[in-house]
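Let's work through some exercises together. Keep the sequence and the 3D view open, and try each task before you read its solution.

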Amino acid sequence: MTVDPRDPTSRLEPDPAELDSVALAAHLERLLSLIRRLSPPDISLTTASTMRTLERDGPSRLSDLAVREGVTQPAMTQLVTRLARDGYAERRGDPADARVVRVWLTERGSAVLRHRRAERARRLAELLAQLPAGDVESITAAIPALDRLVDLGQTSPTSGEVR
């Protein structure tokens with residue numbers, strides 16, 4: 001299936017057997033754009049992503065965070081400095097190696113993530129309420145497969161990524 005941005009019908013109900021990776025990427029980009037619009041503007045998406053990584057994976061070295069988030073180490077250093085200044089994260093020594101500093105998500109940082117999720121969920125629920133029940137069922141049925149896709153993307157190197 002080919003996605004023509006000028007033809008709105010080319011974006012509607014693709015046949016899963018015909019869905020190619022280019023079309024899927026286009027659909028996922030539109031979904032990402034929706035998530036951005038539904039998210040509160042309190043922090044940047046890179047900041048929120050870094051905080052989610054700390055929440056999910058636990059305390060991390062700055063260099064590891066930079067690789068996982070796909071940014072340079074100097075950029076991550078600046079981001080973590082802002083997170084620490086705002087009370088969302090803190091730097092602590094590693095008990096196993098005194099030379100290593102790890103970044104920890106604070107309770108305040110966790111609270112910001114919970115608030116963002118709740119607000120995004122509220123806005124998403126408003127949109128879902130406008131869809132036919134069959135569409136909501138289709139979206140719900142796709143969640144496990146999308147989760148597996150995300151998991152694969154987190155464990156597999158992407159182009160340009162150094163592991």
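## Getting started

The protein has six helices and three strands; helices (H or I, at least four residues) and strands (E, at least two) are DSSP runs, numbered from the N terminus. This is a predicted model, in which local features need pLDDT of at least 70 and side-chain atom pairs count only at pLDDT 80 or more, while totals for chains, interfaces and linings use all residues. Residues are numbered from 1 along each chain as its sequence is written, and side-chain values use heavy atoms, leaving out hydrogens and water.

## Exercise 1: the overall picture

Task: Find the order of the helices and strands, and the share of residues that count as buried.

Solution:
- Reading along the sequence gives the pattern α-α-β-α-α-β-β-α-α.
- Of the 163 residues, 23% count as buried. Buried means under 20% relative accessible area, exposed over 50%, and partly exposed in between (1.4 Å probe, protein chains only).

## Exercise 2: two helix pairs

Task: Describe how α4 packs against α3 and against α2.

Solution:
- Start with the method: two packed helices are described by the angle between their axes and the distance between the axes. Axes are lines fitted to C-alpha atoms, for helices over the stretch in contact, and angles run from 0 to 180 degrees between N-to-C directions.
- Helix α3 (residues 62–69) packs against helix α4 (residues 73–85) at about 110 degrees, with the axes 9 Å apart. That angle makes α3 roughly perpendicular to α4; the cut-offs are under 35 degrees for roughly parallel, over 145 for roughly antiparallel, 65 to 115 for roughly perpendicular, and oblique for the rest.
- Now list the partners: Leu 62, Ser 63, Leu 65, Ala 66 and Glu 69 of α3 meet Gln 73, Met 76, Thr 77 and Val 80 of α4. Contact means heavy atoms within 4.5 Å.
- Turn to the second pair: the axes of α2 and α4 come within 11 Å and cross at roughly 80 degrees. α2 is therefore roughly perpendicular to α4.
- Here Thr 46, Thr 47, Thr 50 and Met 51 of α2 make the contact with Met 76, Leu 79 and Leu 83 of α4.

## Exercise 3: one threonine

Task: Is Thr 50 buried or exposed, and which residues does Thr 50 touch?

Solution:
- Locate Thr 50 in helix α2 (residues 45–57).
- Thr 50 counts as buried because its relative accessibility is 0%.
- Not counting residues up to four places away in sequence, Thr 50 touches Leu 65, Glu 69, Met 76, Leu 79 and Leu 83.

## Exercise 4: the nonpolar core

Task: Which residues of the largest nonpolar core touch the most other members?

Solution:
- A nonpolar core is a set of buried Ala, Val, Leu, Ile, Met, Phe, Trp, Tyr and Cys residues joined through side-chain atoms within 4.5 Å.
- The largest core has 17 residues, and Met 51, Met 76 and Val 103 touch the most other members.
- Two or more residues each come from α2, α3, α4, β3 (97–105) and α5 (107–128), and α4 gives the most, with four.

## Exercise 5: far in sequence

Task: How many residues apart in sequence are Ala 121 and Leu 38, and what is their distance in space?

Solution:
- Find Ala 121 in helix α5; at 43% relative accessibility, Ala 121 counts as partly exposed.
- Ala 121 and Leu 38 are 83 residues apart in sequence and 8.3 Å apart in space, C-alpha to C-alpha.
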